[in-house]
Structure formats: C-alpha cells, structure tokens
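Work through the exercises below with the structure open beside the text, and try each task before reading its solution.

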Amino acid sequence: MKTRYLIGLSLAISYLSIGSVEAQVGEPYIHDPSTIAECEGKYYTFGTGGGGLISEDGWSWHGGADRPGGGAAPDVLKIGDRYLCIYGATGGGLGGGHSGRILTMWNKTLDPKSPDFKWTTAVEVCSSDGMEDQDAIDPGLLLDPTTGRLWASYGTYFGNIRLIELDPNTGSRVSGNKEKDIAIDCEATDLIYRNGWYYLLGTHGTCCDGVNSTYNIVVGRSRSVEGPYIDNVGRDMYHGGGRMVVAAGNRKTGAGHFGRTIVDEGVELASFHWEADFDQGGRSVLAIHPLLWKNDWPVAGDRFKDGTYEIESERRGYALELAVDFVRMQVQRQGGWGRPQNNEPVKPVANQTLDEVKSTWPAGDIPVRIGDYMFRPHQRWTITAVPEKGGYLGGPYYKITIEGTERALAATADKELTTVPAYTGADEQLWRIEQLIDGTFRIMPKVIPGQEGLNKRYVLYSAADSTPTLAEYDFNNDNSKWNFRDH
C-alpha cells in the first residue's frame, strides 16, 4: 500500500493495449495485498486472512508468506533493517460489526525459513467502537521521505477515512496524536509522495462480490500530508471526490488495495488485486502493472502485449532495423513531378514481402541499425513472451524476432547488438520490456555474455541517429527510450 524503493532489482504515451500474458503466473491468488516488499532477493505480499505470496523473480508467485494475527488488509514497510506490518484485526463488518482494531508488529526478515524470522507482539494503534462513524480496518503506511515521519491511513465506506501518526522507531501511536478525517466514500487507502505532492489513493465501489464487484481505484492530492486531498476537477475527497487511476479491463474487474513500487528512476509499478479475473475462474488475483504519471497524476498502464511492431527510437523517431541492403519495390510511379496521373482504376500496392527480400540477406549474424521506417520486412519485429524463461517484477522475458522468421535480436559480449539466424533460448536473446512513467519503454537484455548475473544496468540505446547499442540506462536521456508502433 505504500511507495517502496527496490533499488537494483531486476522492470507511448501511445497507450498500447499491453498484456498477452495477462496475469502473474503460478498461484497469484490473494485478496487485499500489501505493497510488494523485497527481502533477501525475494518478493513478498500479504493479504486478508493471514499468510501471503512469495516470488523468486517477481513474475511467478506462490503461497508461503507468514503473517500471524489474521484479520484484514495488511501493509508492510521496510524501515531501516526491519519490516513493519500493520493490519486490521476486525472491523469492516467482519463478524457482523464495525468494532475494529488496527495493530502493528515488526520482524527482522520476511523469510519464514530464516532463523531470524519472528514477529514481535502486536501493538494496538487505533480502534473503532462500532458506534462511531468510522471503521478501523484497511490500514496503509507512508514514511514521509521529506520529514521521516510515519503515517497510517485507514477506514472503509462505513464512515470516514482517518489519518494517524506513528513512531517510526516503535510502530506505536505518537503520544498525543489525534486522528484526522481526510476522506469518505472509499476504503483500503494508500498514501504516497512525489514531487512535492502527497497522494491519497482510495478503493471506490463495491467489494467482495466476485465478478459483480465494482471496485476501482481513485486519487486526490495535497501539498500537506494532512490534506485536504483534491482531485483533478477540484473535488475534495472528504466530500466524495477522486480521479480514476485503475478501472476494470481485459476481463478483470474490481481493482483494489493500491501499492506503489519504485524499481528505478522512471520505472514504477502499481500493485493491487483484481476482485475477479474471468480467465482464472473469477478468483481474486495479484496484479502488477506499470505506473505512469500524466501532469503529476498517477494512472495505471497496461501490460505489454505480444505482437509485431516498429521499434521506434524516442530520440529521433527512427526505427530499429536489420543492417541489410534496401530493396526497391518495382512499382510504377504514379503522378508527381512531371508525371501526369493516369486514368486507370486505382489498385492498392501490396506491401513488400519477406520472400521478395530474404535472399538478399546474409545467412549468418546480421547487425542492426536505425533508419526511416517504411514498413519493410527488415523493420518489423515480432515480440513474444517466453514465460517458461521466468521474468522480473511485473513481466515475463520476451524474444524479439524479425516477423516471419526466427532471426532473433541478441546482446553481444562487447555490449553491442546483433541478430542471430535462429532463436535458441539463450539468455542474451531474452529481453525485459518495461513501460516508463512517461509512457515510453526501456528494453534490456536479460544478460550480457561474459558478465556475471542478470543485467541490471544496460539498455537498448540510440547512440546516434543510425547507431543502436547497449549503454547504461538514463531516464533523463531520450536515447534510453523506445516506443512500439503497430502499423
């Protein structure tokens, strides 16, 4: 439920329909997930009812996370070298009432197999008596990066959303702190901070009704953590305002319990649950999507979808292509300078085909370059998920081949690019594709031959108008950014 920085981990505004692999794989079944936390190279999220999910790579999830106390809607935040967990023990109408308690507890590790794994005794930080216009459930945490102060928001549709301050050293309520009402008409709130703004994200709509759930995620923002939180048309969330962040789509409905994870500069993810994934039998599942920012407002992007594209450099607008001879199309020119239009019926010109040009291409490795896009065979790339090769936080690895062939884009040991005659599944032929916060993409080889471990630094890079290479990722440089055009 909060902003999380996962430093060094292995992730245009054309809003492509992104996601042929539409959900996390494995058993990503969870309700009310906490923001994703990283611990000792693994990823964790906790849900309602106790327990949670673990992933080795951020893509395939399975059960096994351990959280005592039961209850609902936990959040987890790493502070220093410890993990703070906050959760609602009751409330939300559970057991027939709205008498709730919110508690916090600590652990040195999230790995239940570690000898250091031991949750401290839970401490109550707030409660509701079932008679007041408030429900102590669904908490979320924010450690303010500007002040170091720790805040928790909580509440449901039954009354107000409230804000309290906690001690970041103990997890207890700050002495003398009085709760403040900041929103209505939502639940499962989350506070995040970015560029001088505090954002309150709330889950709006109906819960816990499977494919009939209308949950969606809305947002308001404020210059103060204590509000007021105003949406994009000036409505206060304390009076029911909220700008849409995540709605239903792609046969999934009921987006709720938002969490933000910062993977790298310009690479952010939104985690939440879908109340019902139609393709998973209507189960509630974990969702991880790109998080984009438009005019300082958050909006969830979509997963990348398999397909055939022009891969276009943001730097100049030129296209990635095979470095082969340009083959002219033998079509009579019609009209133009010094040429009158003929009076024959209009007949469409067919696209140049692979069979017409592939005999002119070398048989072995072929380098790549960047050039004017003319929808020719040497410029059209088919991108296909290879989920059996694993993934990274938010997506599977992909192979990138010339359309109609197995000729695959590959990284070389000298940090350059080539295409090999056939895709073999080698790690240097696998690519990580992540949408950035401005809607463009970065494209990273899984490994660079001769270098140990996964590649976490080098991306496909436009060094000049016609020179693609591999270089260190820099969000502030358009050379690191690409777009996918479906012509």
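**Exercise 1: the surroundings of one serine**

Leaving aside neighbours within four places in sequence, find which residues Ser313 is in contact with, and decide whether Ser313 is buried or exposed.

Solution. In this predicted model, and with neighbours within four places in sequence set aside, Ser313 is in contact with Tyr318, Ser462, Lys481 and Trp482. Ser313 belongs to strand S23, which covers residues 307-313. Its relative accessibility is 1%, and because buried means under 20%, Ser313 counts as buried. The side chain of Ser313 also reaches the backbone nitrogen of Arg315, at 3.0 Å. One of the contacts, Lys481, has its charged end over the ring of Phe475, 4.1 Å from the ring centre.

**Exercise 2: the pairing of S6**

Determine in which sense strand S6 pairs with S2 and with S5.

Solution. Strand S2 (residues 25-26) pairs with S6 (residues 60-65) in the parallel sense over 2 bridges, and Gly26 has Trp61 as its bridge partner. Strand S5 (residues 52-55) runs antiparallel to S6 and is joined to it by 4 bridges, with Ser55 standing opposite Trp61. S5 and S6 form a hairpin with 4 residues between them, and Gly58 in the turn has a positive phi of about 90°.

**Exercise 3: an aromatic pair**

Classify the ring pair of Phe46 and Trp119, and explain why it has that class.

Solution. The whole structure holds 14 aromatic pairs. The ring centres of Phe46 and Trp119 are 6.4 Å apart with their planes at 80°, so this pair is edge-to-face. Phe46 lies in strand S4 and Trp119 in the loop between strands S9 and S10, so the pair ties together parts 73 residues apart in sequence. Both Phe46 and Trp119 are buried.

Terms used:
Residues are numbered from 1 along each chain as its sequence is written. This is a predicted model: local features need pLDDT of at least 70, side-chain atom pairs count only at pLDDT 80 or more; totals for chains, interfaces and linings use all residues. Side-chain values use heavy atoms; hydrogens and water are left out. Buried means under 20% relative accessible area, exposed over 50%, partly exposed in between (1.4 Å probe, protein chains only). A polar contact is a pair of N or O atoms within 3.5 Å; within protein, one must be able to donate a hydrogen and the other to accept it, and residues adjacent in sequence count only if both atoms are side-chain atoms. Contact means heavy atoms within 4.5 Å. Two strands pair if DSSP finds at least two bridges between them. Rings of Phe, Tyr and Trp (its six-membered ring) pair if their centres lie within 6.5 Å; planes under 30 degrees apart count as stacked, over 60 as edge-to-face and the rest as tilted. A charge sits over a ring if NZ of Lys or CZ of Arg is within 6 Å of the ring centre and within 35 degrees of the ring normal.
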